[in-house]
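Dear colleague,

I am handing over the structure below for your consideration. My findings follow it, arranged by site.

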Amino acid sequence: MRADLHTHSSLSDGTDTPAELVTKAAAAGLDVVALTDHDTYAGLAEAERSAAAVGLGFVPGIEISCRYEGVSVHLLGYGARPHPVLDGELARARASRGDRLPAMLDRLAALDMPLTEAEVRRWVGDSPSPGRPHIADAMVARGYVGTRDEAFRDWLGEGRPAYVDRYAIDLPAAVGMVLAAGGAPVLAHPWARQSRLVLSAAVLTDLAAQGLVGIEVDHPDHDAATRAELRRLADALGLLPTGSSDYHGLGKTNNDLGCETTAPEVLAALRARIGQEGPC
Ligand code: AMP
Ligand code: FE
Ligand code: FE
Ligand code: ZN
């Protein structure tokens, strides 16, 4: 039983449609996949239909852009149902992504890298969740940079010259909202990059007391020592230790579907939490 519980489609900043993603997940030998697009459920219906058609298990999810002590952190929510508070906050986050786009294009123009909003919108496509990766793609197409990675490193990353802030939900509030919506909140890559600076063991302990269900332990951005420490912490706090690729199609290297997976007993516990019983 191989389960990959964190992936992105073209409905956020991945490059595969939900149907393509599901087909590739089956071809990669996965038994279960979750779709967790940034701040939107828009791809879930298509992914669920496609998974049923190919006999793949499916877990509906989302990756919510949050903030904790001024730092950007990500919360996965599995099995959340429609809920006015969470849905309202997600709509606000998506609107803020749209508002940020022209502001970042102004910065880039001032840096002699003009892009039209229409040009970036071609990369956004059907996604209701425009993000910096789409700006990066437009920069690559114009030849301003070679890769998404380079665009983030030099221009779009936090603190870089074209960076503009946007609205993000406060992390503890988001945990509460996912729970209120009947979902299971799981902290995404808690000790990757800058999130490690604010998500201390003490903070994880507080979040566990507030109902956090799990933490992503096996993630491409965590090294072996980090994983060992997070696994110990999960065990001590009664949190489910998940493992996932954070697949983005061509949008991220080093994140092949199924390169990290979640143990069957962890998957079963997570599915029980969201009322998804059954073999797969
Ligand atoms: P945004 O959603 O606009 O805040 O952009 C953040 C997203 O960009 C993250 O969810 C990542 O998927 C992606 N990202 C962050 N850093 C990089 C990078 N160095 N290369 C490619 N994608 C990145
Ligand atoms: Fe992403
Ligand atoms: Fe993330
Ligand atoms: Zn992700």
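H74 has a relative accessibility of 17%, and because buried means under 20%, H74 counts as buried. Please note that this is a predicted model. H74 contributes its ND1 atom to the iron ion (ligand 3), whose other protein donors are E63 (OE) and H189 (NE2). These donors lie 2.1 to 2.2 Å from the iron ion (ligand 3). Along the chain they follow the spacing E-x10-H-x114-H. E63 belongs to strand 3 and H74 to strand 4, eleven residues apart, and the pair links distant parts of the chain. The iron ion (ligand 3) is 5.6 Å from the iron ion (ligand 2).

E63 also appears at the zinc site. The protein donors of the zinc ion (ligand 4) are H6 (NE2), H8 (NE2), E63 (OE) and D246 (OD), at 2.0 to 2.2 Å from the metal. Their spacing in sequence is H-x1-H-x54-E-x182-D. What is the geometry of this site, given angles of 79 to 167° among the four donor atoms? The site of the zinc ion (ligand 4) is irregular, because four donors count as tetrahedral if all angles lie between 85 and 135 degrees, and as square planar if opposite donors are over 155 degrees apart and all others between 65 and 115. For reference, the ideal angle for four tetrahedral donors is 109.5 degrees. The zinc ion (ligand 4) lies 4.6 Å from the iron ion (ligand 2). Here too the chain is bridged between distant parts: E63 is in strand 3, while D246 is in the loop between strand 8 (240–243) and helix 11 (264–273), 183 residues apart. E63 counts as buried at 1% relative accessibility, and D246 counts as buried at 2%.

Next, ligand 1. Of the 15 residues around ligand 1, those that come nearest are H38, R100, R132, D149 and R166. For D149, a polar side-chain atom lies 2.8 Å from a nitrogen atom of ligand 1. An N or O atom in the side chain of R166 is 2.8 Å from an oxygen atom of ligand 1. A polar side-chain atom of R97 lies 3.0 Å from an oxygen atom of ligand 1.

R148 deserves a separate entry. R148 is placed in helix 6 (residues 148–156) and is buried, with a relative accessible area of 12%. The side chains of R148 and D137 are joined by a polar contact of 2.8 Å. Leaving aside residues up to four places away in sequence, R148 touches D13, T15, P133, A136, D137, V140 and G251.

Finally, the nonpolar interior. The largest nonpolar core has 31 residues, and L75, L171, L187 and L199 have the most contacts inside it. At least two residues of this core come from each of several elements, including strand 3 (57–68), strand 4 (71–78), helix 3 (84–110) and helix 7 (171–180). Helix 7 gives the largest share, five residues. Apart from this core lies another, of 17 residues, among them L108, A138, M139 and V145. L187 touches H74, L75, L171, L199, L204, L207, L212, G214, I215 and E216, again not counting residues up to four places away in sequence. L187 of the largest core is thus in contact with H74, a donor of the iron ion (ligand 3).

With kind regards

Technical notes. Residues are numbered from 1 along each chain as its sequence is written. Chains are lettered from A and ligands numbered from 1 in the order in which they are written. This is a predicted model: local features need pLDDT of at least 70, side-chain atom pairs count only at pLDDT 80 or more; totals for chains, interfaces and linings use all residues. Side-chain values use heavy atoms; hydrogens and water are left out. A nonpolar core is a set of buried Ala, Val, Leu, Ile, Met, Phe, Trp, Tyr and Cys residues joined through side-chain atoms within 4.5 Å. Buried means under 20% relative accessible area, exposed over 50%, partly exposed in between (1.4 Å probe, protein chains only). Helices (H or I, at least four residues) and strands (E, at least two) are DSSP runs, numbered from the N terminus. Contact means heavy atoms within 4.5 Å. Donors are N, O and S atoms within 2.8 Å of the metal (3.2 Å for Na, K and Ca); water is not among the atoms, so sites may look incomplete. Four donors count as tetrahedral if all angles lie between 85 and 135 degrees; four count as square planar and six as octahedral if opposite donors are over 155 degrees apart and all others between 65 and 115; anything else is irregular. A residue is near a molecule or strand if one of its heavy atoms lies within 4 Å of it. A polar contact is a pair of N or O atoms within 3.5 Å; within protein, one must be able to donate a hydrogen and the other to accept it, and residues adjacent in sequence count only if both atoms are side-chain atoms.
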